[in-house]
Amino acid sequence: MVGLGRCPGCPAQGRLWVASALEEYGCFMLKYDKQVSMLHDALFSVLEEIFDLPVETKRKNVSDVPSLPILRVTLCSVLYFKKASAFPRLQPSNELKISSTLFCRTSAVRRICYLFLAFFFLFESRKESTDYLFRMMKYRVSKKDEVKVGSVYHKDMDFLSVLDQNQVNGLEMKAKDGQWFSIDYKPWTLFVMAGEPLMHRVMINGNKERYSVGLFSYSHKGMVEVPEELVDDEHPLQFKPYNYYV
Ligand SMILES: O=C(O)CCC(=O)C(=O)O
Ligand SMILES: [Fe+2]
């Protein structure tokens, strides 16, 4: 568990925590600040309404990321947030609420990502080549005798995934020894994971709908490479750059 609030004056400490969590587990829980916690409640209160929009409205929010894999899911519906105006007026009082909540929330989490990237990588170049995809997920309650898989096991094709959920758990990670274990969200935390290396899935067990959101950072040019600032004689390059979309 890393708390950004404790780090502002000591980025070196923050970087150490994040680096050791990522080396050991590939993921960590990030305790977020007050501003984001208010947005958390607002966000999850409007998600239900977003998922209830007509299908043709929801289709306007397809992702423009080339070859973005579509998750093959059984119990899960997925929506992308491209721009606020893509949710046309349905219930006027809520249009603003939905778009401003999503916008603020996405900006707040992006800010966290920048902070995080600054802690961990300390490089400016990445800001320009990094893009974000905001995905919203709704997992319905599984019916009796239905397979309880919310999303099949997969690895995210990005370099950083920041996830949040309503109070319903379901995310599971595969540990080094091959065992699956579930992620138990603590209040006011985001779950941050190094996208590409980690196998995970969602299993739906309870009798409450699960809503989750993910902010996925990826390179819009498709190149995955170690920033040159991190390579020197003591830390030689270990991975060749490659284009994810080719
Ligand atoms: O719903 C979740 O918690 C995780 C979703 C997920 O793995 C994904 O969107 O790639
Ligand atoms: Fe995923």
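Arg210 has a side-chain N or O atom 2.9 Å from an oxygen atom of ligand 1. Ligand 1 has 290 Å² of accessible area on its own, and the protein covers 100% of that area (Shrake-Rupley method, 1.4 Å probe).

This is a predicted model, in which local features need pLDDT of at least 70 and side-chain atom pairs count only at pLDDT 80 or more, while totals for chains, interfaces and linings use all residues. Residues are numbered from 1 along each chain as its sequence is written, chains are lettered from A and ligands numbered from 1 in the order in which they are written, and side-chain values use heavy atoms, without hydrogens and water.

The table gives polar contacts of ligand 1 (a pair of N or O atoms within 3.5 Å).

| Side chain (N or O atom) | Distance to an oxygen atom of ligand 1 |
|---|---|
| Tyr139 | 2.5 Å |
| Arg210 | 2.9 Å |
| His200 | 3.1 Å |

Twelve residues surround ligand 1 (a heavy atom within 4 Å), and Arg135, Tyr139, Asp156, Arg210 and Ser212 come nearest. Strands β4 (130–139), β10 (200–203) and β11 (210–219) each supply at least two residues of this shell (strands are DSSP E runs of at least two residues).

The iron ion, ligand 2, has as protein donors His154 (NE2), Asp156 (OD) and His200 (NE2), at 2.0 to 2.1 Å (donors are N, O and S atoms within 2.8 Å of the metal, 3.2 Å for Na, K and Ca). Along the chain their spacing is H-x1-D-x43-H. His154 lies in β5 (residues 149–154) and His200 in β10, so the pair ties together parts 46 residues apart in sequence. Both His154 and His200 are buried (under 20% relative accessible area, 1.4 Å probe, protein chains only).

Key
Polar contact = N/O pair within 3.5 Å; in protein donor to acceptor, adjacent residues only side chain to side chain. Helix = DSSP H or I, 4+ residues; strand = E, 2+ residues; numbered from the N terminus. Buried < 20%, exposed > 50% of the residue type's maximum accessible area, 1.4 Å probe, protein only.
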